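Colleague: I should like to go through this model step by step and hear the reasoning behind each term. Please show the structure before we begin.

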Amino acid sequence: MHVGGMTKRTAVIAGAGVGGPVLALWLRKAGFEVRLLEGRGAPALVEGAFLGVSPNGLQALSGLGLDRDVTSRGHACRAFEFQSHTGRSLGGFDRSGDATTFGWSLTMIRRGDLHGLLGEACERAGVAIEYGKRLSRLVPSPADVEVFCEDGTSLRADFVVGCDGLRSTTRALGLPDAPPPTFSGLLDVGGFVRTPDLPFEPGINVMVFGERAFFGAFSTPTGETWWFHNGSGQLGAVENQALRPRLLELHQHDPAWVRELISATPTLLGPWGLFELDAMPSWSRGRVCLMGDAAHAMSPSAGQGASMAFEDALVLAQCLRDVSDVPTAFQSFERLRRPRVDQIMKAARQNSNRKAPGPVGRWVRDRVLPLVLPFAGKGQSRAYSHRLDFEQRVG
Ligand SMILES: Cc1cc2nc3c(=O)[nH]c(=O)nc-3n(C[C@H](O)[C@H](O)[C@H](O)COP(=O)(O)OP(=O)(O)OC[C@H]3O[C@@H](n4cnc5c(N)ncnc54)[C@H](O)[C@@H]3O)c2cc1C
């Protein structure tokens with residue numbers, strides 16, 4: 001059955017997670033007819049834990065007015081503090097001036113709330129998210145692409161963009177030579193909890209390089225604490241019911257508040273394996289292109305994955321608006337985005353490698369970190385200062 005007919009300048013976007021809705025909104029603004037397909041049957045409003053949208057990501061959203069939605073539903077981060085497993089301060093970054101310097105602060109937001117506000121923005125703009133439409137087959141031709149969904153529906157479009165995340169089907173079908181994602185060796189667990197008397201104030205990302213695992217916590221002004229744990233582990237080896245004792249054991253020699261948070265959390269979220277994608281030979285082939293995690297999934301340690309998807313969406317829509325030949329527009333997109341994405345990926349990998357070293361590595365890390373942290377803070381500021389302008393034409 002056909003779910004749509006072909007018109008000129010028609011885009012199919014596979015995936016309405018973080019980047020897909022934003023791309024749909026930009027493409028609509030640029031005059032494209034957009035079909036936004038989402039494999040899930042319904043909006044994911046309570047899924048996952050939380051993430052940080054950085055000033056550069058908010059700047060990339062600002063032309064759509066979405067920066068305000070994110071900042072009003074999220075909470076500004078005004079500092080990062082790093083501690084060793086003994087609770088000794090290893091240093092930190094003061095981010096209280098970011099709103100003045102960059103226009104926005106790093107904003108921590110629940111993933112479900114981010115999905116919710118993106119869905120509402122699509123609704124306001126008249127972009128329907130078609131739930132239950134999981135892309136499963138692509139038949140590209142020089143003139144267009146035929147897209148098939150698991151439910152048997154099909155449609156044709158001038159091009160397809162895979163915003164379908166880490167395990168992208170668009171990637172597997174459209175760029176079959178692409179390397180599969182590699183497991184970083186780290187598992188992520190998260191939680192939301194209300195506990196009084198924490199030894200830090202709201203608005204600060206407190207990061208503990210624990211004895212055996214890494215722990216991050218952020219308290220909101222509304223009295224909740226959002227936390228995550230990153231530790232070595234094997235995929236599928238930890239059942240959810242065994243999770244709490246395992247986390248308590250891994251953090252047994254870390255500051256007591258870490259274990260208090262884990263113990264008090266009603267529902268543990270995860271574990272999720274942390275993966276990244278090795279550099280792809282290319283992000284597009286013919287009329288099929290990838291962006292966001294589908295093209296360059298990175299360790300969450302740089303806190304930039306979602307923001308990279310927002311930047312991608314703006315630049316990809318610019319290229320498709322200004323370069324009439326679709327494959328050439330995709331190549332322009334990659335040429336414009338690769339250097340920045342590669343740089344951020346490198347930083348993310350370095351951060352990730354510091355999270356679960358052995359005893360010797362830990363000893364070195366705790367001594368070296370205070371020396372390198374000021375440079376890391378400057379690197380973070382460089383990443384935050386990136387600016388994009390949708391009105392600017394690309395060649
Ligand atoms: C634990 C963790 C913490 C993170 N923390 C941060 C952070 O602090 N800051 C940050 O910027 N980033 C963070 N990230 C990374 C960030 O979540 C991702 O980079 C971001 O979600 C990528 O957006 P995306 O649109 O490319 O993919 P996703 O958001 O993963 O969306 C993909 C969508 O595609 C859909 N889909 C999949 N297959 C199909 C198909 N075949 N057909 C149709 N739809 C399909 C999925 O259902 C999903 O809705 C974190 C990631 C993890 C795992």
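**Two domains and a ligand**

Modeller: Between them, domain 1 and domain 2 bury about 3,000 Å², and 61% of that lies on carbon and sulfur atoms. Please note that the model is predicted.

Colleague: Why is this area called buried?

Modeller: The area is called buried because it is the accessible area that two parts lose on being put together, summed over both. For domain 1 and domain 2 this comes to about 3,000 Å².

Colleague: Which residues make up domain 1 and domain 2?

Modeller: The assignment gives 10–181 + 277–384 to domain 1 and 182–275 to domain 2. Their contact takes 36 residues from domain 1 and 35 residues from domain 2.

Colleague: What makes the pair formed by Asp293 and the ligand a polar contact?

Modeller: A polar contact requires a pair of N or O atoms within 3.5 Å. A polar side-chain atom of Asp293 lies 2.7 Å from an oxygen atom of the ligand, so the pair meets that cut-off.

Colleague: What makes the pair formed by Leu135 and the ligand a polar contact?

Modeller: Here a backbone N or O atom of Leu135 is 2.9 Å from a nitrogen atom of the ligand. With the cut-off at 3.5 Å, this pair therefore counts too.

Colleague: How much of the ligand does the protein bury?

Modeller: The protein buries 86% of the 1,000 Å² that the ligand exposes when taken alone.

Colleague: Which element gives the largest share of the shell around the ligand?

Modeller: Helix 10 does, with three residues.

Key: Residues numbered from 1 in each chain as written. Predicted model: local features only at pLDDT ≥ 70, side-chain atom pairs only at ≥ 80, totals over all residues. Heavy atoms only, no water. Polar contact = N/O pair within 3.5 Å; in protein donor to acceptor, adjacent residues only side chain to side chain. Areas by Shrake-Rupley, 256 points an atom, 1.4 Å probe, with all protein chains shown as cover. Helix = DSSP H or I, 4+ residues; strand = E, 2+ residues; numbered from the N terminus. Domains from an automatic or database assignment. Contact = heavy atoms within 4.5 Å. Buried area = accessible area lost by both parts, 1.4 Å probe.
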